[in-house]
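Q: Hi! Could you walk me through this one? I'd like to start with how you name the helices.
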Amino acid sequence: MTDNDRDRWDRRYTDRPAPTVEDVALPAVFAPFADVFPTAGRALDLACGPGASAAWLAGRGMTVHGYDVSRVAIARARELARCSGSAERCRFEVADLDDGLPAGEPVDVVLCLRFRDPRLDRAIIERLCPGGLLAISALSEVGGRPGPFAVRRGALTRAFATLDVVAAGEGHGEAWLLARRSPTGAAPDARRGR
Ligand SMILES: C[S@@+](CC[C@H](N)C(=O)[O-])C[C@H]1O[C@@H](n2cnc3c(N)ncnc32)[C@H](O)[C@@H]1O
């Protein structure tokens, strides 16, 4: 990512009010599936922004590691975790995901919300433990405008076709997918002849 893009994200967050404990939540599309998310184990939040979803997972009992390119977002995520009483279960770091997924242990949950970089797909799948859950959302052309960051119809489910779909949807300019890696831990490419 260029310094200009990073500065743009920093400015966007600086211009918005910092999130408060009332904002600690999953995005609306995943809220009906809250019970599907574990209450223990490790989670990764990619492009975590100011950390509302990470703090929600940590409040549930998970240990969460969040990455974002924006220093302002990471500072706010740390502060939100502190205010919501889950700082000891959260770690937030500035990282440019254009450089790939930072190395780490397998996790029980990967969140990748309102951020799409297909170059990370394989690493995301491989980072999931057997039975691990992926929650991903992105801008979509379906009910929205085409653009460099909008995915085509069905793109998320195709990209993660080796996972078992728990739920998925597309509309109003947003695509989202909740899917699990096989509980047997079969290597994604070895399943279903892929
Ligand atoms: C639309 S926001 C979503 C934030 C958060 N996931 C949420 O749902 O509130 C997109 C986020 O992606 C981050 N981002 C964009 N490009 C990135 C990159 N190359 N590496 C890491 N983070 C990036 C931005 O800083 C921003 O926080």
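A: Happy to! Helices are DSSP runs of H or I with at least four residues, numbered from the N terminus. One thing to keep in mind is that this is a predicted model.

Q: Good to know. So where is Ala123 found?
A: Ala123 belongs to helix α4, which covers residues 121-127.

Q: And why does Ala123 count as partly exposed?
A: Its relative accessibility is 27%, and partly exposed means between the 20% and 50% cut-offs.

Q: How far is Ala123 from Leu101 in space?
A: The C-alpha atoms of Ala123 and Leu101 are 6.7 Å apart, while in sequence the two residues are separated by 22 positions.

Q: Switching to the ligand: which residues come nearest?
A: Tyr13, Ala47, Asp68, Leu97 and Leu113 come nearest, out of 16 residues around the ligand.

Q: What's the mix of nonpolar, polar and charged residues in that shell?
A: The shell holds 10 nonpolar residues, two polar ones and four charged ones.

Q: What about polar contacts, say from the side chain of Tyr13?
A: An N or O atom in the Tyr13 side chain sits 2.5 Å from a ligand oxygen. For Asp68, a polar side-chain atom is also 2.5 Å from an oxygen atom of the ligand. Arg114 has a side-chain N or O atom 2.9 Å from a ligand oxygen.

Q: How much of the ligand's area does the protein bury?
A: The protein buries 87% of the 600 Å² that the ligand exposes when taken alone.

Q: Last one: which pocket does the ligand take up?
A: The ligand occupies the largest pocket.

Notes
Residues numbered from 1 in each chain as written. Predicted model: local features only at pLDDT ≥ 70, side-chain atom pairs only at ≥ 80, totals over all residues. Heavy atoms only, no water. Near = heavy atom within 4 Å. Polar contact = N/O pair within 3.5 Å; in protein donor to acceptor, adjacent residues only side chain to side chain. Areas by Shrake-Rupley, 256 points an atom, 1.4 Å probe, with all protein chains shown as cover. 1 Å grid on protein atoms, 1.4 Å probe; cavity = no way out; pocket = protein on both sides within 12 Å on 5 of 7 lines; lining within 4 Å. Sits in = over half its atoms within 2 Å of the grid points. Nonpolar A, V, L, I, M, F, W, Y, C, P; charged D, E, K, R; others polar. Helix = DSSP H or I, 4+ residues; strand = E, 2+ residues; numbered from the N terminus. Buried < 20%, exposed > 50% of the residue type's maximum accessible area, 1.4 Å probe, protein only.
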